[in-house]
Amino acid sequence: MVIGGHIDSWDVGDGSTDDGGGCMMAIEAAALLKELGLVPRRTIRVVLFTNEENGLRGGKAYHAAHGKEKHVAAIEADTGSGAPRGFGISGTPEEVAAVQRFAPLFEGLGASVLEAGGGGADISPLTKDGVLSLGLHPDASAYFDLHHSPADTFDKIDPDHLERNAAAMALMAFVLAER
Ligand SMILES: [Zn+2]
C-alpha cells in the first residue's frame, strides 16, 4: 500500500502546510511502525509525489511505473496539519463500511471521524483503477488561511498535531496493510 504527500508547493510561502506536513506525516508514519517493530503482511511504500500542483506528473508517473502492481489501499495527506480529526474514504460502499468499523481504534488520537469520500490528487490515478483511497482529514478550518499564500510557513505547524496525525496515518496504514 501507498502513503504519501506532495513535495511541490506554490513558492509564495515555504509550503510547510501544503504539503510539507503531509510528506512528514508519511515519513514519520513509516518510521513509527519501524520503531515499534510492527511489520504488516503487506508492504507500505512512502511516496513523495512531485508536481501535484502543476500537472500531477508525480502521481501519473507513479501510476505508469507501479500501477499494475497490486495495491490494497492508498492514503494521501494533503489537507494541512490541523488538529487530527480522521480520514475520508473512497471505495465501494462495502469497503468504506469495512474501514469505518475501525473508528474506535482512532479515538485516542482524536482521529475517529471516518467519512465517505476522500483521497487525493496524487493517488487519483490509483483511485480510478478502483484502489481503496483515503485522504487524511485533519481539522481544516484554518487551512485556507495558509494554503497557497505567503502565510504558509513553518511557524504555523503545531508539532503535537503533526505527531498525532502521523500516528493516525501509521495506524491506518498498518490496519489496511495487515487486514
Ligand atoms: Zn497540496
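Me: Why is Asp78 called buried?

Reply: This is a predicted model, and in it Asp78 has a relative accessibility of 17%. The cut-off for buried is under 20%, so Asp78 makes it into that class.

Me: And what makes His6 buried?

Reply: Same kind of check: the relative accessibility of His6 comes out at 1%. Buried needs a value under 20%, so His6 counts as buried.

Me: Which protein atoms are the donors of the zinc ion?

Reply: They are NE2 of His6, an OD of Asp18 and two OD entries from Asp78, lying 2.0 to 2.7 Å from the ion. A donor has to be an N, O or S atom within 2.8 Å of this metal, and the distances of 2.0 to 2.7 Å fit that. Along the chain, the donors follow the spacing H-x11-D-x59-D. His6 and Asp78 link distant parts of the chain: His6 sits in strand E1 (residues 2–6), Asp78 in the loop between strand E3 (74–76) and strand E4 (86–90), and the two are 72 residues apart.

Me: Why is the arrangement around the zinc ion called irregular?

Reply: The four donor atoms subtend angles of 51 to 138°. Tetrahedral would need all angles between 85 and 135 degrees, and a range of 51 to 138° breaks that, so the arrangement ends up as irregular.

Me: What makes Glu115 and Arg85 a salt bridge?

Reply: Their side chains meet at 3.2 Å, N to O. The rule asks for a side-chain nitrogen of Lys or Arg within 4 Å of a carboxyl oxygen of Asp or Glu, so this pair passes. Glu115 is in strand E5 (residues 113–116) and Arg85 in the loop between E3 and E4, so the bridge ties together parts 30 residues apart in sequence. By this rule the count is four salt bridges.

Me: How do you know that Lys156 is partly exposed and Asp155 exposed?

Reply: Exposed means over 50%. Asp155 has 59% relative accessibility, so Asp155 is exposed. Lys156 has 38%, which puts Lys156 in the partly exposed class. The two side chains also meet in a salt bridge, 3.3 Å from N to O.

Me: Where do Asp160 and Arg164 lie?

Reply: Both are in helix H6 (residues 159–178), four residues apart, about one turn of the helix. Their side chains form a salt bridge at 3.2 Å, N to O. Asp160, at 39%, is partly exposed, and so is Arg164, at 28%.

Me: How do you know that the buried residues of H2 line one face of the helix?

Reply: In H2 (residues 57–66), the buried ones are Gly58, Gly59 and Tyr62. Seen down the axis, the buried residues fall within an arc of 100°, so they line one face. Arg57, Lys60 and Ala64 are exposed on the other side of H2. The buried residues pack against E1, strand E2 (45–49) and helix H4 (124–128).

Me: Why is the pair of Phe49 and Tyr62 called edge-to-face?

Reply: A search of the whole structure finds three aromatic pairs. In this one, the ring centres are 6.1 Å apart and the planes stand at 80°. Pairing takes centres within 6.5 Å, and edge-to-face takes planes over 60 degrees apart, so Phe49 and Tyr62 qualify. Both are buried.

Me: What makes Phe87 and Phe106 edge-to-face?

Reply: Their centres are 5.7 Å apart, with 70° between the planes, and the angle needed is over 60 degrees. Phe87 lies in strand E4 and Phe106 in the loop between helix H3 (93–100) and E5, so the pair ties together parts 19 residues apart in sequence.

Conventions: Residues numbered from 1 in each chain as written. Heavy atoms only, no water. Donors = N, O, S within 2.8 Å, 3.2 Å for Na, K, Ca; no water. Tetrahedral: all angles 85-135°; square planar, octahedral: opposite > 155°, others 65-115°. Buried < 20%, exposed > 50% of the residue type's maximum accessible area, 1.4 Å probe, protein only. Arc of directions from axis to C-beta. Contact = heavy atoms within 4.5 Å. Phe/Tyr/Trp six-rings, centres within 6.5 Å; stacked < 30°, edge-to-face > 60°.
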